[in-house]
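The questions below go through the strand pairing, helix packing and overall dimensions of one protein. Each is followed by a short worked reply.

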Amino acid sequence: MPENVSSTAPPPWFARPAARSWTCAPAPTEVREFHASLPGHDPTPLTELPLLAAELGVGRVFVKDESCRLGLPAFKALGASWAVHRALAARAADGDLATPVTLVSATDGNHGRAVARTARLLGHRARVLVPRGVHPEAVAAIAAEGADVSQVMGAYDEAVRRAAEAAAAPDALLVQDTAWPGYERIPGWIVEGYSTLCAEIDEQLAAAGAGTPDLITIPVGVGSLAHAVVTHYRSRPAGPPAALLSVEPTAAPCLIESLLLGAPVSVTTGETIMAGLNCGTPSSIAWPHLRDGLDAAIAIPDAASARAAGDLARLGVSSGPCGAAPLAGLRAALTGDGADERRAVLGLGPASTVVLLSTEGSAANPAATTADS
């Protein structure tokens with residue numbers, strides 16, 4: 001799909017009307033307790049933005065603001081901390097007590113920094129591989145955590161392949177947030193780690209008198225966060241199910257292309273300011289949940305994300321291009337040709353409650369805030 005999608009053309013779109021009837025098992029409850037035990041951990045804000053509700057024609061709009069999670073400007077520390085905790089415990093249970101270990105990962109920025117921070121706090125080493133297109137300031141932030149950073153002259157999928165090779169050393173541990181056949185246990189723990197974010201949303205909506213959400217809008221790269229959100233909202237024992245909408249760049253539409261085909265595919269990615277979403281292949285463990293549990297998927301150009309980031313900033317929410325993608329995606333769904341049909345698919349009306357997952361602050365991705373569409 002070309003990046004220069006016309007603003008008047010219908011957006012790339014997929015819908016599955018039966019998604020809200022699909023169910024799955026919940027995430028383990030001990031994840032929340034683990035995060036609560038970490039120094040400096042507090043729930044991130046859920047900010048209500050009435051101006052967006054008026055614009056979108058819904059009752060209430062909330063933004064889950066992940067611009068400061070465990071001292072980092074993105075949500076990724078939730079998954080990295082829990083996965084490393086579980087992985088090191090598993091090594092010890094297997095009799096491998098050698099320390100320190102080297103935590104290895106590929107990243108578009110935020111995950112690698114979270115892995116590096118976790119390694120530093122636990123007294124381990126980190127090696128992080130970064131693909132082309134990641135802003136130098138984001139690379140420098142990973143290195144500042146004490147990680148050995150290597151830049152790969154290829155796309156994200158190539159960096160993942162190189163990281164897997166680098167983790168073959170006996171003292172190394174691959175901590176990757178995408179899964180493939182033969183490497184699924186640690187990515188599964190990363191997905192579990194993100195469940196804390198969803199549990200916080202439930203409590204914060206209840207405190208705001210908003211009840212249960214009618215729609216959650218989720219930015220997608222390989223799909224691990226969306227996997228966690230689907231797991232949380234499709235495992236609820238009672239109450240009306242939430243609609244779930246994924247949003248990804250038109251430059252890297254691996255999920256929507258897979259959904260349209262009905263099977264996971266890899267796509268050739270382009271350049272995008274949504275660096276953390278610039279992924280070419282869905283995670284193997286996320287795919288079945290996303291295929292069956294997402295109500296809809298949409299892809300957006302950079303200009304839409306840049307506009308949304310600017311609008312959120314003016315409303316007091318610090319959001320990078322990836323974090324602003326949910327607002328841009330929902331705007332695209334609710335405007336232009338076919339908007340009434342898309343609104344109906346999402347079940348949105350004038351009393352609906354919408355939650356946008358802003359997964360990073362502006363400090364996480366110092367790329368340009370404007371882009372051609």
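Q: In which sense do strand β8 and strand β9 pair, and over how many bridges?
A: The model is a predicted one. Strand β8 covers residues 215–219 and strand β9 covers residues 243–249. Pro219 stands opposite Val247 in β9. The two strands pair in the parallel sense, over 5 bridges.

Q: Which strands are the edge strands of the open sheet formed by 7 strands?
A: The order of this sheet is β1-β10-β9-β8-β11-β3-β2, and its pairing is mixed. An edge strand here pairs on one side only. That description fits β1 (13–15) and β2 (46–48).

Q: What angle does the direction of helix α9 make with that of β8?
A: Helix α9, residues 224–233, packs on the 7-strand sheet. The strands touched by helix α9 are β8, β9 and β11 (353–358). Its direction and that of β8 make an angle of about 160°.

Q: Across which strands does helix α14 lie?
A: Helix α14 is made of residues 339–346 and runs at about 40° to β1. Besides β1, it lies across further strands, including β10 (296–300). The full set is β1, β8, β9 and β10.

Q: Why is one side of β6 and of β7 left without a neighbour in the sheet?
A: These strands belong to an open sheet of 4 strands with parallel pairing, in the order β6-β5-β4-β7. β6 (148–151) and β7 (172–174) stand at its edges, so one side of each has no neighbour in the sheet. The reason is that each has a single partner strand.

Q: Which residue is the bridge partner of Val128 in β6?
A: Strand β5 (residues 125–130) and β6 pair in the parallel sense over 4 bridges. Within β6, the partner of Val128 is Val149.

Q: Which strands does helix α4 touch?
A: Helix α4 spans residues 110–122 and packs on the 4-strand sheet. Its direction makes about 175° with that of β4 (102–106). The strands it touches are β4 and β5.

Q: What radius of gyration does the protein have, against the value for a compact globule?
A: The C-alpha trace spans about 60 × 40 × 40 Å along its principal axes. For 373 residues, a compact globule would have a radius of gyration near 21 Å. The protein agrees with this, at 19 Å.

Q: What percentage of the residues count as buried?
A: A residue counts as buried under 20% relative accessible area. Of the 373 residues, the share that meets this is 56%.

Note on methods. Residues numbered from 1 in each chain as written. Predicted model: local features only at pLDDT ≥ 70, side-chain atom pairs only at ≥ 80, totals over all residues. Heavy atoms only, no water. Pairing = 2+ DSSP bridges. Contact = heavy atoms within 4.5 Å. Axes fitted to C-alpha atoms, helices over the stretch in contact; angles between N-to-C directions. Rg over C-alpha atoms; globule rule 2.2 N^0.38 Å. Buried < 20%, exposed > 50% of the residue type's maximum accessible area, 1.4 Å probe, protein only.
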